[in-house]
Each structure stands twice: as C-alpha cells, then as structure tokens.
Amino acid sequence: MLGRRDPQRSLFEAQAWPHRVPADSFYARMGAVNDVLFRDDDLAGAYCADNGRPSLAPSLLSGILLLQFYDDVSDGEAIARLSFDLRWKVALNLPLDFEPPHSSSLSVFRRRLVAHGQERYAFTRMIQVGRAAGFLPDKVTLLVDTLAQHGAGAVQDTYTLIRKSLRRVLKLAGYQVLVKRRGLAANLADYLDSDQKAAIDWADPVARAAQLQVLVQDAEAVLALALDHADDPEVRAAAWLLTKILGDDVTTDESGQPQIGEGTAADRIVSLTDVEMRHGRKSAAQRFDGRKWQVAEEPSSELLLAVEPVPANVGDGRDWLSVIEQVETQAGITVARAIADGAYGTADNRADCAARGTDLGSPLALRPTAELGKTAFAIDLTAGTVTCPQGQTTTHQRPSHDDFGRRVSAFFFERSTCAACPLFARCVHSKTQGRSIVLNYHEALLQAARQRQVTAEFKDTYHQRPAVERKVAELADHGAKQARYFGHFKNLWQAQWTGAVLNLKRLFKLAHGDLPRLRQAMST
C-alpha cells in the first residue's frame, strides 16, 4: 500500500539545526525544494490502494535514488550515507536520528517502477518542471551526441559462451533432477556438475581445436534434447541462444571440422550475464562492450531532453525518429530542428525528419576519396545523367535495389570508355564492366543536403553541436560510462535517472537562486 511522508516537522530535522552544508550546494538547494520535488501521488498506480502494509514513501525513495546517482554510489553506500552524511539528511529533510531502511528497499523500489512503466519518472518530472518554470520553449532544437557505456556483464569467449549456454539448456530442461539425469549421457551430465573450463593447455592451438569440437558436438546433442521441451518457452529461448552462438562464432573447415569463424558477426552475443551487450566502436581505435546512450540537449536552457540506450553495434542514427517522438511525448513540445554529426544524417533519417517537419542539420562527406567515390561524380537528376571526374557523361541506367529492397537506378559507363581513362585503376574495380553509380532512394535529399552544408547559415548552426559534448562528459562524471545493471530496462533506468540529476542541477542554475520560482513550478 502507498506510504506517504509525514508532513509533521521534527525537532531533530537537520534543517532545523545550524549546519555547515553550503546554501548554494546541490544538497542544500535540493533540501529547499524537497517537499515538492517528488510527489507520492505520482506513483500511486504502482501500489495497492487498499491492502497491505504502508510502504516507504515513494517521494523519499525517489530522492534517495537521485542522490545515489548524483554521488555515483552503490545501494549499500547510499543507505550508509543516510546514516552519517549530513549533506544527504539536509537534501532529504531527514531528522538527525533517522533510521534508514535496508538497502534491498532500493532494488525493490526500482523493480516496482520498472514493472509499472515508471522508469522514466524522475527524468520526465524534471522536464515538466522546466516547462512549468518557462525554461523550455514550445518548439525546440536538439543537439545530439552519443556516449559509449561499458556493460555490467562479463565479456566471454566462444568456448565459455557455448559451455554455459548448453549448461543453461540442460538445467532449464530439468536434467539436474536425479530421475531425468539417469538417462543423460555422462559427457553431458558433467556440465551439470562443473562450470569450469576444461583442463587443457589453452596456449596449444591443437588442444583448443579439439576442445571446440567436443563443445560443438555436445551442444548439438543438447539442442536435440531440447526438442522434447519445445513447449517450454524458457527452454526454447535458451536453445535459440545456444543456436545463435554456434551460428555467429563457429564455422567448419574443408574437412568438416568446427573452427572459430574469422571476423565478428554483426549481432554477436558477447556475454551470457547480459545477453543484450554488444561489441561497439566510438572510433576505429576505440572499441567497447556494452551499449550506447543517445543524448539530446536543448541549447537555450541546456536541459537534457533525451538519454536513450541503444545497442552498441548499431549506427548512432538508427531509430532516431523514435527518439524525437519520445522527446515530444515526454516533454510535450515540438522538435523543430536537430543538429547531429554525420552518423545521423542518413538519407532515410533525412526523409523521416522532412516528412514530420523537423530540420535535420547533419553533414555529409563532400570531398572525393582516393578511390573516387560517388561524390566525385556529378549527378543530374533532372536530365537523368551522370558525369565522371574526367568529363565523360552517361545516360545508361538499369534498375537495381537497395539494402531494404526498394527499387533504385544504377547508372553505368561502358567498359571501353573507362578503359581509356587515366583514372581507370583508381575508379573501376570490376573485371568485366565499367564504373557504375547506384543512386540512393532519397538521392534528391542528399543532393540538397550537400548544397546546403556549404552555406554560412549551416556552418553557423552546426557550430552549436559541440555544446552537447559537455553534457556527455557530465553524464560520465556521474557514472554513465559504466553500466550498473543488466538488461535494457534497468539500463534505461540508469540513463533516465542520471539525466534527471543533470537536469535538476541545471534547473538550480537557471533559477539563479530563485528557489521559490522552482517550488511554484514543482507544485503545479
């Protein structure tokens, strides 16, 4: 049942006694608005209305979690600070003799909010306050960047992934029960007894190859057993995961023997403790295992309007339209413009933004590459011609399809024309045909974007984008570069509540010490 904070003030409240917490600190300012910062009734839907023992007040727990992300501490340390840290007592308006709850109360509260779809509560609340205080306009510009986050799960090699996956299938299928285990082959039963790597010389490639063969054979036998439990969704999911690991990591050589595949599958599983973690890159030299956060800031107020986790292995601009829609729904505003780096400026993103009236300011490559890429050619869509860097023009085209199966045109030059060109070796890679240029499905949008980005207006606008990098650095200061939890929804929780911390800090600065104005906005 929903518990509420007692409005009766205590003689022992930290605020009632002289203290040394600076009045302009985050803690003191939070204490000045604490009674209206979070509201118990906002979360009443997550509690039973008329049954059970009253809970800890959700407004108090929300304040504790906000401070936890502000100071970047664990659950245990957060509870300890409730006991001895005067700053926390001031921030939460707690009495000096306050008896803190057990640390499990925080994890129970998190699970409750996630179960009721309230993981965005604190972030949405800070945006609502910013709107009510007049700091956010009705139409906004978004400055966009991404933050690379290391996952909380252990990164595991192929041998470990296969071994643990097949063990999981066996356990979920109930083979650890003595009655079922009696019919299990001895080599498979060994996986139930031990979760340790095989005692081989792992520096010996021959020994590793032999062990891989054993693991693959055992995995195939376990998958055959799993067919008898196809009606069990947990067994089916675990078997699918094992099948995916084998498909992503293992190939066969010419003699049919299994071997570790070269390269990395695009959606490869890297951890069984958090199966949603992926390999990702912020640059060619910087690899990480985890997720990325898409971060969007409104420049006039410097408030964050989006902190959204996405898989590490996808491009920064994927699902960008859903982020814009989330911002508009969460903040009750219209996104008129978004300014992002080149990763967001795909043709499909430009088309989606144009269709909804959002101006996407994102640069495209302009200079020809050493290999004479497509940008080195002049494409006239009106005349239906393509002209190469040496002045040769073609009207020859044939139908083609892009990666999404959409029909596009491919212009091509005759082989004889290309063969006589001094740039032939750099330009043409086909052994039988001349150079071809495949148009994008939204080629006209790309041409307009390239023409626009050389203008002074675009350059002045795009110079605003680096401001969001300061927000990314600030998120990192509050622990954002390391995941606290496993799974998407708990990671979304971390993103949203860390973003709420930054927004509350910014609200204090925007108010210029006028806390009554903030209190009024929080009370509406």
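# Exercises on rings, charges and burial

Both W320 and Y344 are buried, where buried means under 20% relative accessible area, exposed means over 50% and partly exposed lies in between (1.4 Å probe, protein chains only). The model is predicted, so local features need pLDDT of at least 70 and side-chain atom pairs count only at pLDDT 80 or more, while totals for chains, interfaces and linings use all residues. Residues are numbered from 1 along each chain as its sequence is written, and side-chain values use heavy atoms, with hydrogens and water left out.

## Exercise 1. The whole protein

Task: state how many helices and strands the protein has, and what share of its residues is buried.

Solution.
- Step 1: count the DSSP runs, taking helices as H or I of at least four residues and strands as E of at least two, numbered from the N terminus. The result is 20 helices and 14 strands.
- Step 2: take the extent of the C-alpha trace along the principal axes, which is about 95 × 75 × 40 Å.
- Step 3: apply the burial cut-off to the 524 residues; 48% of them are buried.
- Step 4: take the accessible area by the Shrake-Rupley method with a 1.4 Å probe, where for residues only the protein chains shown count as cover. The protein exposes about 25500 Å², and carbon and sulfur atoms supply 52% of that area.
- Step 5: list contacts, meaning heavy atoms within 4.5 Å. Of those between residues at least 6 apart in sequence, 68% join residues at least 24 apart.

## Exercise 2. Charge balance

Task: how many positive and how many negative side chains does the protein have, and how far apart are the centres of the two sets?

Solution.
- Step 1: count Lys and Arg as positive and Asp and Glu as negative, leaving out His and the chain ends.
- Step 2: place each charge at NZ of Lys, CZ of Arg, CG of Asp or CD of Glu.
- Step 3: the counts are 63 positive and 63 negative, and the two centres lie 3 Å apart.

## Exercise 3. Aromatic pairs

Task: classify the ring pair F26 and Y27, then the pair W320 and Y344.

Solution.
- Step 1: pair the rings of Phe, Tyr and Trp (its six-membered ring) if their centres lie within 6.5 Å; planes under 30 degrees apart are stacked, over 60 edge-to-face, and the rest tilted. The count comes to 11 aromatic pairs.
- Step 2: F26 and Y27 have ring centres 6.2 Å apart and planes at 80°, so this pair is edge-to-face. F26 and Y27 are both buried.
- Step 3: W320 and Y344 are 5.3 Å apart centre to centre with 75° between the planes, again edge-to-face. W320 is in helix α12 (residues 320-331) and Y344 in the loop between β7 (334-339) and α13 (347-356), so the pair links parts of the chain 24 residues apart.
- Step 4: follow the ring pairs onward; they link F26, Y27, Y70 and F508 into a cluster.

## Exercise 4. Charges over rings

Task: which rings lie under K197 and R398?

Solution.
- Step 1: require NZ of Lys or CZ of Arg within 6 Å of the ring centre and within 35 degrees of the ring normal.
- Step 2: K197 lies over the face of W202, 4.9 Å from the ring centre.
- Step 3: the charged end of R398 sits over F412, at 4.4 Å from the centre of that ring.

## Exercise 5. Positive phi

Task: compare the surroundings of N93 and E302, and decide for each whether the residue is buried, partly exposed or exposed.

Solution.
- Step 1: N93 is not a glycine, yet has a positive phi of about 55°. Its place is the loop between α4 (86-92) and α5 (104-115). N93 counts as buried because its relative accessibility is 13%.
- Step 2: E302, also a residue other than glycine, has a positive phi near 60°. E302 is in the loop between β5 (287-298) and β6 (303-311). A relative accessible area of 26% makes E302 partly exposed.

## Exercise 6. Contacts of helix residues

Task: which residues do L510, T461 and R131 touch, leaving aside neighbours within four places in sequence?

Solution.
- Step 1: L510 is in helix α19 (residues 488-510) and is buried at 13% relative accessibility. L510 contacts F135, S301 and L303. The C-alpha atoms of L510 and G130 are 9.2 Å apart, with their positions 380 residues apart along the chain.
- Step 2: T461 is in helix α17 (residues 456-462) and is buried at 11%. T461 touches R337 and I339.
- Step 3: R131 is in helix α6 (residues 121-132) and is partly exposed at 25%. R131 touches L136, P137, D138, A331, G332 and I333.
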